[in-house]
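Visitor: Please take one part of this model and go through it closely. State the cut-off behind each term as you use it.

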Amino acid sequence: MDIFLQQIINGLVIGSIYALIALGYTMVYGIMQLINFAHGEIVMFGAMVTITCINVLVGHNIHLPGPLMLLAGLLMAIPVSALLGFAVERIAYRPLRRAPRLAPLITAIGVSIVLQQVASLIWGRSYRPFPEILPQTVHDFFGAAITDLQVAIVILAIVLMAGLFFMIEKTKLGRAMRATAQNPEVAGLMGVNINNVISMTFITGSSLGAVAGVMVAANYDQAHPYMGFLIGLKAFTAAVLGGIGNLQGAVLGGITLGIIESLGSGYLGDLTGGFLGSNYKDIFAFLVLILVLVFRPSGLLGERVAERA
């Protein structure tokens, strides 16, 4: 039972990260019907910029408490990722809004590859360890182990997701986003600046992605320029699982996928008689994607995309 509980805790932690990244995918799709496959690389940039910033502070003998060092890194990473998301939308996607759907899809894949190569030129191709600045206190929870970092990841993810839902439902920008998703032409006639709304959607999703990237790096104690592809693909699977375009679905899909992956990695060896180990845990994301597309293409909560005139 303690092993089962441990896998559930691990699944909630990684699922919270998947949910944050999936929100970036689903927000863009809800407004533009575009899958931003470069989103995973923006997540990666957030992690790499944070690690670099912390290493610079340490290298200059600036000794601050671990949380403040991490906050300093985030204060650099979030603007960089937000600016990168804005640039990607403005340069790569905006000129293709009325193009056939295949064109922006290919462009998104191309942008993803370009960002990978830019990151490898800046930081090299090797893994970068996450600086040891955070306490690693382990707590016992009914026989399972949970660290302060894992608790902080889940709490921060909940706060960010609640803040996003509040913004979407209660603010002027959120109403403009919902109006644009419903019908961009009518929203434009009512005075909504469609270009600004779409840019802000990319900026918001990229900012969440930067925080999620730092969570991934801190949770696994490392980051590298090619980490964005797999983590982005899993988050996209989570968005599809919950219902692409549905914010609540992205959260549900992320947590569900995280738990499925964690339970699978914990029991895969036993189920296959030792033939497959926990290193094959990534197959679950793609198995889930295939099953969802075959049996419930609209996702668990249903795809939320308005009919457009």
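Guide: What follows covers one helix with its partner and flanking loops, and then two further helices. The model is predicted, so local features need pLDDT of at least 70 and side-chain atom pairs count only at pLDDT 80 or more, while totals for chains, interfaces and linings use all residues. Residues are numbered from 1 along each chain as its sequence is written, and side-chain values use heavy atoms, leaving out hydrogens and water.

The part chosen is helix α2, residues 39–59 (helices are DSSP runs of H or I with at least four residues, strands are E runs with at least two, and both are numbered from the N terminus). α2 packs with helix α4, residues 102–123, at an angle of about 15°, and the two axes are 10 Å apart (axes are lines fitted to C-alpha atoms, for helices over the stretch in contact, and angles run from 0 to 180 degrees between N-to-C directions). α2 and α4 are therefore roughly parallel to each other (under 35 degrees; over 145 is roughly antiparallel, 65 to 115 roughly perpendicular and the rest oblique). The crossing of α2 past α4 is left-handed (the near helix is turned anticlockwise from the far one by less than a right angle; clockwise is right-handed). On the α2 side, the residues that meet α4 are Glu41, Ile42, Met44, Phe45, Met48, Val49 and Thr52. Their partners in α4 are Ser112, Leu115, Gln116, Val118, Ala119 and Trp123 (contact means heavy atoms within 4.5 Å).

The loops on either side of α2 each deserve a remark. Gln33 lies in the loop between α1 (2–32) and α2. Gln33 is not a glycine, yet its phi is positive, about 55°. With a relative accessible area of 16%, Gln33 is buried (under 20%; exposed is over 50% and partly exposed in between, with a 1.4 Å probe and protein chains only). In the loop between α2 and α3 (66–93) sits Asn61, another residue other than glycine, with a positive phi near 60°. Asn61 counts as exposed, at 58% relative accessibility.

Two further helices have buried residues. In helix α6 (residues 172–182) these are Gly174, Ala176, Met177, Thr180 and Ala181. They cover an arc of only 160° around the axis, which puts them on the same side of α6 (the arc is that of the directions from the helix axis to the C-beta atoms). In α11, Phe284, Ala285, Val288, Leu289 and Val292 are buried. Their arc around the axis is only 140°, so they lie on the same side of α11. The face of α11 turned away from that buried side carries the exposed residues Ile290 and Val294.
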